[in-house]
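Here is a short note to read beside the structure. Keep the sequence in view and take the points in order.

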Amino acid sequence: IDRASSKAMDVLADKIEQEATARLTAARNEAVSFAETRILLFAIMAILSITFTIGVCWKIGFNILKLVGAEPAELVKIFTGLAQGQLNQEIALKEGDETSMAAQATLMQMRVRAMVVSIQQGVTEFSAAASLADKGASPTAIQDALREARKSIVSLNKAADRFKVKG
């Protein structure tokens, strides 16, 4: 092989090497770009999944709070007070709330309070009638007092009819 052929072969080998290097570099760059794209898509999917999960949890919490009508700790305080006979506690409701647990607690409190007031009125009127009889009041005065006491009993029965008691 002469020098010219050797030189031509060296030039050809250099071109082939440059072409191979260029192709390998392009393939490596394409692989890196593909990997970066996959990482970016994975990150976007992760962010969307987290955002969706947070949104769903917030919506569930909001719906539960709407059903309850108050913070759970406040609701426990309300029902504990009702169970202990505290019929004068303030129950804060959101405007238009008629269906939540807090609204039902308010309704229960009002009904029980009305029944207690009816009982107190009946006892007072019976006590007044008994006092009149003890003091020797006229039969007409005693009958009037008993008539008022009977009205209280009717009112009390109406209030009690709202409650269903087994037994």
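How close do the axes of helix α3 and helix α4 come, and at what angle do they cross? Keep that in mind for point 2.

1. Status of the model. This is a predicted model. Read every value below as computed from that model.

2. The α3 and α4 pair. Two packed helices are described by the angle between their axes and the distance between the axes. Helix α3 covers residues 101-134, and helix α4 covers residues 139-161. Their axes come within 8 Å. They cross at roughly 160 degrees. Angles over 145 degrees count as roughly antiparallel, so α3 is roughly antiparallel to α4. The crossing of these two helices is left-handed.

3. Who makes that contact. From α3 come M115, S118, I119, Q121, G122, E125, F126, A129, L132 and A133. From α4 come A141, I142, A145, L146, E148, A149, S152, I153, S155, L156, A159 and A160. Sorted by class, the contact has 15 nonpolar, 5 polar and 2 charged residues. Find these residues in the view before you go on.

4. Residue A129. This residue is found in helix α3. Is A129 buried or exposed? Its relative accessible area is 4%. Buried means under 20%, so A129 is buried. Setting aside residues up to four places away in sequence, A129 touches A145 and L146. Now compare A129 with E98. The two are 31 residues apart in sequence. Their C-alpha atoms are 41 Å apart in space.

5. Residue S118. This serine is also a residue of helix α3. Its relative accessibility is 8%, so S118 counts as buried. Which residues does S118 contact, once neighbours within four places in sequence are left aside? They are S155 and L156. Both of these partners appear among the α4 residues of the contact with α3.

6. Residue A128. Helix α3 holds this alanine too. At 37% relative accessibility, A128 counts as partly exposed. A128 and A149 are 21 residues apart along the chain. Their C-alpha atoms are separated by 9.0 Å.

7. The α2 and α3 pair. Here the axes come within 11 Å. They cross at roughly 20 degrees. Angles under 35 degrees count as roughly parallel, so α2 is roughly parallel to α3. The crossing of α2 and α3 is left-handed. On the α2 side, the contact uses L75, I78, F79 and L82. On the α3 side, it uses M101, A102, A105, M108 and Q109. By class, that contact has 8 nonpolar residues, 1 polar residue and no charged ones.

8. The largest nonpolar core. How many residues does this core have? It has 9: V68, A70, L75, I78, L82, L87, I91, A102 and A105. Helix α2 (72-83) and helix α3 each supply at least two of them. The largest share, 3 residues, comes from α2.

9. Residue A105. This alanine belongs to the core. It is also part of the contact between α2 and α3. Leaving aside neighbours within four places in sequence, A105 is in contact with I78, F79, L82 and I91. Show A105 with these four partners and check each one in turn.

10. Residue Q89. Where does Q89 lie? It sits in the loop between α2 and α3. Its relative accessibility is 15%, so Q89 counts as buried. Beyond neighbours within four places in sequence, Q89 is in contact with K77, I78, G81, L82 and Q109. Q89 and A105 are 16 residues apart in sequence. From C-alpha to C-alpha, Q89 and A105 are 11 Å apart in space.

Key. Residues numbered from 1 in each chain as written. Predicted model: local features only at pLDDT ≥ 70, side-chain atom pairs only at ≥ 80, totals over all residues. Heavy atoms only, no water. Axes fitted to C-alpha atoms, helices over the stretch in contact; angles between N-to-C directions. Helix = DSSP H or I, 4+ residues; strand = E, 2+ residues; numbered from the N terminus. Parallel < 35°, antiparallel > 145°, perpendicular 65-115°, else oblique. Left-handed = near helix turned anticlockwise from the far one by under 90°. Contact = heavy atoms within 4.5 Å. Nonpolar A, V, L, I, M, F, W, Y, C, P; charged D, E, K, R; others polar. Core = buried A, V, L, I, M, F, W, Y, C linked by side-chain atoms within 4.5 Å. Buried < 20%, exposed > 50% of the residue type's maximum accessible area, 1.4 Å probe, protein only.
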